[in-house]
Amino acid sequence: MATTNDLKNGIVLRIDGQLWTVVEFQHVKPGKGGAFVRTKLKNVLSGKVVDRTFNAGIKVETASVDKRDMQYLYKDGDDYVFMDTDTYDQINVPAATVGDVANFLLESQTALVATNEGSPLYVELPPSVVLEVTYTEPGLQGDRSSAGTKPATLETGYEIQVPLFLEANTKVKVDTRDGSYLGRVND
């Protein structure tokens with residue numbers, strides 16, 4: 001338990017049985033009446049953002065969220081298996097929890113896995129990853145980067161839009177937040 005005076009960005013609170021991260025907070029002391037804390041909270045699981053006001057000094061329940069870098073091993077049915085690189089403990093993360101991250105996840109890749117009391121909350125990748133294009137239509141003579149885009153299948157099976165000049169077996173940098181093409185990577 002903590003008081004509203006202990007609130008800071010990034011702290012995780014348990015409110016009505018759900019976990020919320022403090023995105024912003026502001027202590028307000030009006031000229032008349034009691035002080036209060038205005039916060040912007042983000043639901044850890046759904047990503048929904050809400051505004052919430054607390055009276056100053058009231059107790060709020062904090063939750064411990066353990067964030068660790070883990071190595072992705074393999075997919076086991078609907079679960080993804082990650083291994084803690086320090087303790088070699090393995091954890092099964094349901095596909096629903098992994099979400100869109102699965103589109104950019106390769107075996108042996110390191111990802112940040114957040115857990116609360118042993119249950120996985122979310123999986124986070126770096127802002128960009130390098131993946132290989134396994135299939136795309138061949139480019140034509142005269143195709144330039146500003147001419148347009150075409151679909152390309154990555155080694156994970158995910159499809160993105162790439163410039164027309166790109167060919168198969170090319171490594172590309174992909175934004176993990178929206179799946180957009182960021183550029184070609186030369187080895």
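**Briefing: an elongated strand-rich chain**

Val130 sits in strand 12, which covers residues 128–136; strands here are DSSP E runs of at least two residues, helices are H or I runs of at least four, and both are numbered from the N terminus. This is a predicted model, so keep its ground rules in mind: local features need pLDDT of at least 70, side-chain atom pairs count only at pLDDT 80 or more, and totals for chains, interfaces and linings use all residues. Residues are numbered from 1 along each chain as its sequence is written, and side-chain values use heavy atoms, with hydrogens and water left out.

**The chain as a whole**

- In secondary structure, the protein chain comes out at 16 strands and 1 helix.
- Its radius of gyration is 22 Å, while a compact globule of 187 residues would come in near 16 Å; the radius is taken over C-alpha atoms, and the globule rule is 2.2 Å times the number of residues to the power 0.38.
- Along the principal axes, the C-alpha atoms fill a box of roughly 75 × 40 × 25 Å.
- Of the 187 residues, 35% are buried, where buried means under 20% relative accessible area, exposed means over 50%, and partly exposed is anything in between (1.4 Å probe, protein chains only).
- Take the contacts with a separation of 6 or more: 42% of them join residues 24 or more positions apart, a contact being heavy atoms within 4.5 Å.

**Surface and charge**

- The protein chain exposes about 11,100 Å², and carbon and sulfur atoms supply 45% of that; the areas come from the Shrake-Rupley method with a 1.4 Å probe, and for residues only the protein chains shown count as cover.
- There are 19 positive and 26 negative charges, and their mean positions are 12 Å apart.
- For that tally, Lys and Arg are positive and Asp and Glu negative, with His and the chain ends not counted; each charge is placed at NZ of Lys, CZ of Arg, CG of Asp or CD of Glu.

**Back to Val130**

- Val130 is partly exposed, at 39% relative accessible area.
- Leaving aside neighbours within four places in sequence, Val130 is in contact with Lys171, Val172, Lys173 and Val185.
- For a feel of the distances, Val130 and Gly31 are 99 residues apart in sequence and 55 Å apart C-alpha to C-alpha.

**The loop between strands 14 and 15**

- Thr170 lies in this loop, which runs between strand 14 (159–163) and strand 15 (171–175), and Leu166 is found there too.
- Thr170 counts as buried because its relative accessible area is 16%.
- The Thr170 side chain reaches the backbone oxygen of Glu167 at 2.7 Å. That fits the polar-contact cut-off: a pair of N or O atoms within 3.5 Å, where within protein one must be able to donate a hydrogen and the other to accept it, and residues adjacent in sequence count only if both atoms are side-chain atoms.
- Beyond four places in sequence, Thr170 touches Leu131, Glu132, Val133 and Arg184.
- Leu166 is buried, at 1% relative accessibility.
- Leu166 and Val133 are 33 residues apart along the chain, with their C-alpha atoms 8.8 Å apart.
- Val133 is also one of the contacts of Leu166 once neighbours within four places are set aside, along with Thr136, Glu137, Lys150, Val172, Tyr181 and Arg184.

**Two buried residues in strands**

- Thr39 is in strand 4 (residues 36–43) and is buried at 2% relative accessibility.
- The side chain of Thr39 reaches the backbone oxygen of Arg52 at 2.8 Å.
- Arg52 is also among the residues that Thr39 touches outside the four-place window, and the others are Leu7, Glu24, Phe25, Val50, Asp51 and Phe54.
- Leu121 is in strand 11 and is buried, with a relative accessible area of 8%.
- The C-alpha atoms of Leu121 and Thr97 are 6.5 Å apart, across 24 residues of chain.
- Thr97 is one of the Leu121 contacts too, again leaving aside neighbours within four places; the list also includes Leu19, Val44, Leu45, Val65, Ala114, Thr115 and Asn116.

**Positive phi outside glycine**

- Tyr88 is not a glycine but has a positive phi of about 65°.
- Tyr88 is in the loop between strand 8 (79–84) and strand 9 (90–94), and is exposed at 57% relative accessibility.
- Glu117 is not a glycine either, and has a positive phi of about 55°.
- Glu117 is in the loop between strand 10 (110–116) and strand 11 (119–124), and is exposed at 71% relative accessibility.
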